[in-house]
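Thank you all for coming; I would like to walk you through one structure, slowly and in order. Please have the sequence and the picture open while I talk.

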Amino acid sequence: MSQMDWEFINGFSGWASAVTTLLAVIVSLCVSYSTRKVRMAIKSAIYIFNEQGKDVEYLVFFIQNTGFRTFHLNHHSCIVLRIGFFRKKFIGIGNSRIDFSKSSTFPCRLSEGDQINLFIRLHNGDGYWIDQLKKDFFSGYSLSSLRIVVFPGIGKHVAKRFDREVIREFR
């Protein structure tokens, strides 16, 4: 290769280093921003416990911090149900249904990998909770829009679908 060919190739080296430096800055900013988001996994299940010789049914929510940022759940009312795609309706759970002896204590701090759970008794003196929800709140709404919504102390709220076994119970 001649001297002129090498000079032509070296003319692009400044541009190449500038572009790669810019890309490195963009990637580092994206990585640092993504670690600041609140991320959580929300699972739901139906559990049956044998308490004093009787089967007692519970709807259980498991909430786990899957991100790197610590957040707080200040009260059990930070966990609600939402139904509706366009006309959203938020439904609180209520103190009478929550079994505080099995549930995590609030306020709670969720660091990386920590998990809390909320046990909701489906049967009590008022009747079957899911039947009451369907009668009072779900009429006119599609069950496919039913979500669990968690409002952490920081960041945006997180909405997740119910697990299949729980949706079958709602039908």
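Let me start at Lys102, which counts as partly exposed because its relative accessibility is 26%. This is a predicted model, so please hear everything that follows as computed from that prediction. The side chain of Lys102 meets that of Asp99 in a salt bridge, with 3.4 Å from N to O. Asp99 itself, at 10% relative accessibility, counts as buried, because the cut-off for that word is under 20%.

Which other side chain meets Asp99 in a salt bridge? It is that of Arg121, and here the distance from N to O is 3.9 Å. Arg121 lies in strand 7, residues 115-121, whereas Asp99 lies in the loop between strand 5 (89-91) and strand 6 (108-110), so this pair ties together parts that are 22 residues apart in sequence. Arg121, like the lysine I began with, is partly exposed, at 26% relative accessibility. Since the two salt bridges share a partner, Asp99, Lys102 and Arg121 are joined into one network. The count of salt bridges comes to 2. As a general remark, side chains of opposite charge can pair when their charged atoms come close.

Let me stay with that loop for a moment, as several other residues in it deserve a look. Ser96 is found in the loop between strand 5 and strand 6, and with a relative accessible area of 57% it is exposed. Ser96 and Arg121 are 25 residues apart in sequence, and yet in space their C-alpha atoms are 8.7 Å apart. Ser104 also belongs to the loop between strand 5 and strand 6, but this serine counts as buried, at 18% relative accessibility. The side chain of Ser104 is joined to that of Asn117 by a polar contact of 2.9 Å.

Is the peptide bond from Phe106 to Pro107 cis or trans? In this model it is cis, with omega near -5°, and Pro107 again lies in the loop between strand 5 and strand 6. For background, most peptide bonds are trans.

Now to the sheet that holds strand 7. This is an open sheet of 3 strands, in the order 1-2-7, and its pairing is antiparallel. Strand 1 (40-51) and strand 7 stand at the edges with a single partner strand each, so one side of each is left without a neighbour in the sheet. From one strand to the next, the twist averages 25°. Strand 2, residues 54-65, pairs with strand 7 in the antiparallel sense over 7 bridges, and within strand 7 the bridge partner of Phe62 is Asn117. Asn117 is thus the residue whose side chain makes the polar contact with Ser104 that I described a moment ago.

Is strand 7, standing at an edge, largely enclosed or largely open? Of its 7 residues, 5 are buried, so strand 7 is largely enclosed by the rest of the structure.

A further open sheet is formed by 4 strands in the order 5-4-10-11, and its pairing is antiparallel. Here strand 5 and strand 11 (158-161) are at the edges, each with a single partner strand, so one side of each has no neighbour in the sheet. The twist in this sheet averages 35° from one strand to the next. Strand 4, residues 79-83, and strand 10, residues 147-150, run antiparallel and are joined by 4 bridges, and Arg82 stands opposite Arg147 in strand 10.

Finally, please turn to the beginning of the chain. Which residues make the nonpolar surface patch of about 610 Å²? They are Met1, Trp6, Phe8, Ile9 and Phe12. Phe8 lies in helix 1, residues 3-10, and at 56% relative accessibility it counts as exposed, because the cut-off for that word is over 50%.

To close, I would ask you to keep two things in mind: the network of Asp99, Lys102 and Arg121, joined by salt bridges that share partners, and the cis peptide bond from Phe106 to Pro107.

Definitions and conventions
Residues are numbered from 1 along each chain as its sequence is written. This is a predicted model: local features need pLDDT of at least 70, side-chain atom pairs count only at pLDDT 80 or more; totals for chains, interfaces and linings use all residues. Side-chain values use heavy atoms; hydrogens and water are left out. A salt bridge is a side-chain nitrogen of Lys or Arg within 4 Å of a carboxyl oxygen of Asp or Glu. Buried means under 20% relative accessible area, exposed over 50%, partly exposed in between (1.4 Å probe, protein chains only). Helices (H or I, at least four residues) and strands (E, at least two) are DSSP runs, numbered from the N terminus. Patches are made of residues with over 30% relative accessible area and no salt bridge: like charges are joined within 9 Å, nonpolar side chains (Val, Leu, Ile, Met, Phe, Trp, Tyr) within 5 Å. Accessible areas come from the Shrake-Rupley method with a 1.4 Å probe; for residues, only the protein chains shown count as cover. Two strands pair if DSSP finds at least two bridges between them. Axes are lines fitted to C-alpha atoms, for helices over the stretch in contact, and angles run from 0 to 180 degrees between N-to-C directions. A polar contact is a pair of N or O atoms within 3.5 Å; within protein, one must be able to donate a hydrogen and the other to accept it, and residues adjacent in sequence count only if both atoms are side-chain atoms.
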